[in-house]
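Here is a friendly walk through one chain, meant to be read with the model open beside you. We start with the overall picture and then visit a few helices and loops.

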Amino acid sequence: MIDNFLFSLNVVAPVFILIFVGYLSKQLNFINENFVNVTAKFAFNISLPVLIFMQVSSLNLNGVIDFELISFIYIATIISFILIWIFSIPLIKNSKDRSSFIQGAFRSNFAIIGFAIISSLLGKNTLGKASIILAFILPLYNILAVIVLTLPRRNEVDFRMKEMINEILFNPLIIAVVVGLIFSFGSIKLPKPLFDSGKLLADLALPLALIGIGGSLNLREIKKAPALAIISSIIKIVILPAIFTYIGYLLNFKGDALVIIYILFASPTAIVSFIMAEAMGANSKLAGNIILISTIGSVFTFSIGIMIMKSLSLI
């Protein structure tokens, strides 16, 4: 048991130490809000897409696109979305609160914290497979988010289909996967200077993004967080990963596939959920509280979950 705990700690600690470094740097005024905002934009638009492109372009495509795994994740995500919505109806009367609650409970920060945990646990070589899954899950997340931020408030929100389609089609992370697949399929190699520069940018991606996440956290808000934020966070980082990892195991997913299922559903709420809630008039303060609580809580839930999976020889 001690060995499994130490194994789990070695996986989780480096990821959350970087988040803590970002938080501490912000508190000591080494970085400011502008740094956090610029870092988020740089990570999302440049360094993370380069990381994904570098991983996908080097893949041997035979067996990489696991349609059974992708189908399971799609079905599980849609089912969880529907059940959370049904659960929220008697619990939350305010449509703005309900929209943020639902989005916070289902939308994972798989691209940053999920990738960092996968890299630490399974090695960087597995990020290529995770990137393919990310390319499929991001459009679904965006579509479900727009639905939940629009339908409960359909009389208040000016829904713009064109903007949603553009956001999906021109998402830098999805574009990186598509271009990477073209390079992989065509066996196209980057010139060495570009490859070396891309590798440096890719190595920067996750540390920079994690520090940015830490800098965006405000622990003082935890004291003010409503019960809805706590419930949504528990659904996100405890209930969903427990249910769908177990179902995945019963459906005979093993090894990397089962671990990816666990990490995707166990990852805390994505920061973009706050941005979308703010832009579409939902309760952005509640969305921010859910991100904060689920991110801090995932330090413990990831540690426990990985320890359990290691104890059961699933890793």
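Helices (H or I, at least four residues) and strands (E, at least two) are DSSP runs, numbered from the N terminus. This is a predicted model, in which local features need pLDDT of at least 70, side-chain atom pairs count only at pLDDT 80 or more, and totals for chains, interfaces and linings use all residues. Residues are numbered from 1 along each chain as its sequence is written, and side-chain values use heavy atoms, with hydrogens and water left out.

**The whole chain**

The chain has 13 helices and zero strands. With 315 residues, a compact globule would have a radius of gyration (taken over C-alpha atoms; the rule is 2.2 Å times the number of residues to the power 0.38) near 20 Å. The chain has 19 Å, which agrees. Its C-alpha trace spans about 55 × 50 × 45 Å along the principal axes.

Buried means under 20% relative accessible area, exposed over 50%, and partly exposed in between (1.4 Å probe, protein chains only). Buried residues make up 52% of the 315 residues in the chain. Contact means heavy atoms within 4.5 Å. Among contacts between residues at least 6 apart in sequence, 85% join residues at least 24 apart.

What does the chain expose? About 15000 Å², of which carbon and sulfur atoms supply 68%; the area comes from the Shrake-Rupley method with a 1.4 Å probe, and for residues only the protein chains shown count as cover.

**Two helices to look at**

The expected span of a helix is 1.5 Å times one less than its number of residues. Helix α5 (residues 110-122) has 13 residues, but its end C-alpha atoms are only 15 Å apart, short of the 18 Å that a straight helix would reach. Eleven of the 13 residues of α5 are buried, so this helix is largely enclosed by the rest of the structure. Among those buried residues are Phe110, Phe115, Ser119 and Leu121. Just after α5, Gly123 takes a positive phi of about 100°.

Helix α8 (residues 172-185) has 14 residues and should span 20 Å; its end C-alpha atoms are 20 Å apart, which agrees. The buried residues in α8 include Pro172, Ile174, Val177, Gly180 and Ser184.

**Positive phi values**

Gly123 has company elsewhere in the chain, as this table shows.

| Residue | Place | Phi |
|---|---|---|
| Gly123 | just after α5 | about 100° |
| Ser187 | just after α8 | about 50° |
| Asn252 | loop between α10 (227-250) and α11 (255-266) | about 75° |
| Ser313 | segment after α13 (284-311) | near 60° |

Asn252 has its positive phi although it is not a glycine, and Ser313 is likewise a residue other than glycine. Is Asn252 buried or exposed? At 53% relative accessibility, Asn252 counts as exposed. Ser313 is exposed too, with a relative accessible area of 61%.

**A link between distant parts of the sequence**

Finally, go to Gly305, whose place is in helix α13. At 12% relative accessibility, Gly305 counts as buried. Which residue can you compare with Gly305, 297 residues apart along the chain? That residue is Ser8, and the C-alpha atoms of the pair are separated by 8.4 Å.
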